[in-house]
Amino acid sequence: MGIVRRVILGASFLSSIVLVASAQAPVVGKLDVWTTKRVEQNHESTESTYIRAVRAAKQNGFDRVVFEFKGPLPNYSLEYLRSRWYEDEGGRRRLKLAGSAFLKVDLHIIPVDEEQLKLSQAKDFYPKSRLKFPSLTGVEEGTFFEGYYDFFLGVKARKPFRVTELANPARLVIDFKH
């Protein structure tokens, strides 16, 4: 069997493991409810999805971050970090993001391919400068590896947040109370 065929079979096997494992994970937290606890949602779609853009805006009473997708909503989890340090495949890393609390947004089963790389290299893919909003201080891109794409949201304090899912196009909305 050729090396290319072995690599393709190995990648297919790993993809099926990820899909089965994510389908078995429980749903944690509730949507459209203010919380400081972990929120996790698993969707049953097998269709590829891409992150088209990440936007941030100040609203009346809350700050908002919107992840817009090309395709269906991916599986995701959101959770406050205990500090500005986090672990990834490269080891322990320190966030250079403004703020004193940090929400990690894990997006699962995002293809690592040319289409996503093209989208993520666009000029305004996500707000790269410091945000001077009442709660939200910034957005930082994290790890993009083997179907997992992480982002970090800097907040002035551990503020309650709520998660909402919208359609046409698919969007994941995260609001932080002022």
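**Rings, charges and a pocket**

Mentor: In this predicted model, the charged end of Lys128 sits over the ring of Tyr126, 4.5 Å from the ring centre.

Trainee: What makes you say that the charged end of Lys128 sits over the ring of Tyr126?

Mentor: The distance part of the test asks for NZ of Lys or CZ of Arg within 6 Å of the ring centre. Lys128 is placed at 4.5 Å from the centre of the Tyr126 ring, so that distance fits the cut-off. The charge must also lie within 35 degrees of the ring normal. Arg162 has its charged end over a ring too, that of Phe62, 5.0 Å from the centre.

Trainee: How many aromatic pairs does the structure hold, and why is the pair of Phe125 and Phe151 called tilted?

Mentor: There are 10 aromatic pairs in the structure. In the pair of Phe125 and Phe151, the centres are 6.2 Å apart and the planes meet at 50°. Rings pair if their centres lie within 6.5 Å, stacked planes are under 30 degrees apart and edge-to-face planes over 60, so 50° leaves the name tilted. Phe125 belongs to the loop between helix 2 and strand 8, and Phe151 to strand 9, so this pair ties together parts 26 residues apart in sequence.

Trainee: Why is the pair of Tyr126 and Phe151 given the name edge-to-face?

Mentor: Their ring centres are 6.1 Å apart and their planes stand at 75°, so the pair is edge-to-face. The cut-off for that name is over 60 degrees. Tyr126 is in the loop between helix 2 and strand 8 while Phe151 is in strand 9, so parts 25 residues apart in sequence are tied together. Phe125, Tyr126 and Phe151 also belong to one aromatic cluster, together with Phe67, Phe144 and Tyr149.

Trainee: How do you know whether Phe125 and Phe151 are buried or exposed?

Mentor: Buried means under 20% relative accessible area. Phe125 has 1%, so the name buried fits. Phe151 has 0%, so Phe151 is buried as well. Tyr126 is buried too. Across the 178 residues of the chain, 40% count as buried.

Trainee: Is Gln116 buried or exposed, and what shows it?

Mentor: Gln116 has a relative accessible area of 0%, so this residue counts as buried. Gln116 is located in helix 2. Leaving out residues up to four places away in sequence, Gln116 touches Tyr50, Ile51, Ile110, Pro111, Phe125, Phe144 and Tyr149.

Trainee: What about Asn168: buried or exposed?

Mentor: Exposed means over 50%, and Asn168 has a relative accessible area of 76%, so Asn168 is exposed. Asn168 is in the loop between strand 10 and strand 11. The phi of Asn168 is positive, about 55°, although this residue is not a glycine.

Trainee: What makes the peptide bond from Asn168 to Pro169 cis?

Mentor: The omega of that bond is near 0°. Pro169 lies in the loop between strand 10 and strand 11.

Trainee: How do the residues lining the second largest pocket divide?

Mentor: The lining has five charged, three nonpolar and two polar residues. Among the lining residues are Lys37, Arg38, Glu79, Arg82 and Arg158; Asp, Glu, Lys and Arg count as charged, so these five carry that label. The space in this pocket is about 170 Å³.

Conventions. Residues numbered from 1 in each chain as written. Predicted model: local features only at pLDDT ≥ 70, side-chain atom pairs only at ≥ 80, totals over all residues. Heavy atoms only, no water. Helix = DSSP H or I, 4+ residues; strand = E, 2+ residues; numbered from the N terminus. Buried < 20%, exposed > 50% of the residue type's maximum accessible area, 1.4 Å probe, protein only. Contact = heavy atoms within 4.5 Å. 1 Å grid on protein atoms, 1.4 Å probe; cavity = no way out; pocket = protein on both sides within 12 Å on 5 of 7 lines; lining within 4 Å. Points joined across faces, edges and corners; volume = space filled by probe spheres on them. Phe/Tyr/Trp six-rings, centres within 6.5 Å; stacked < 30°, edge-to-face > 60°.
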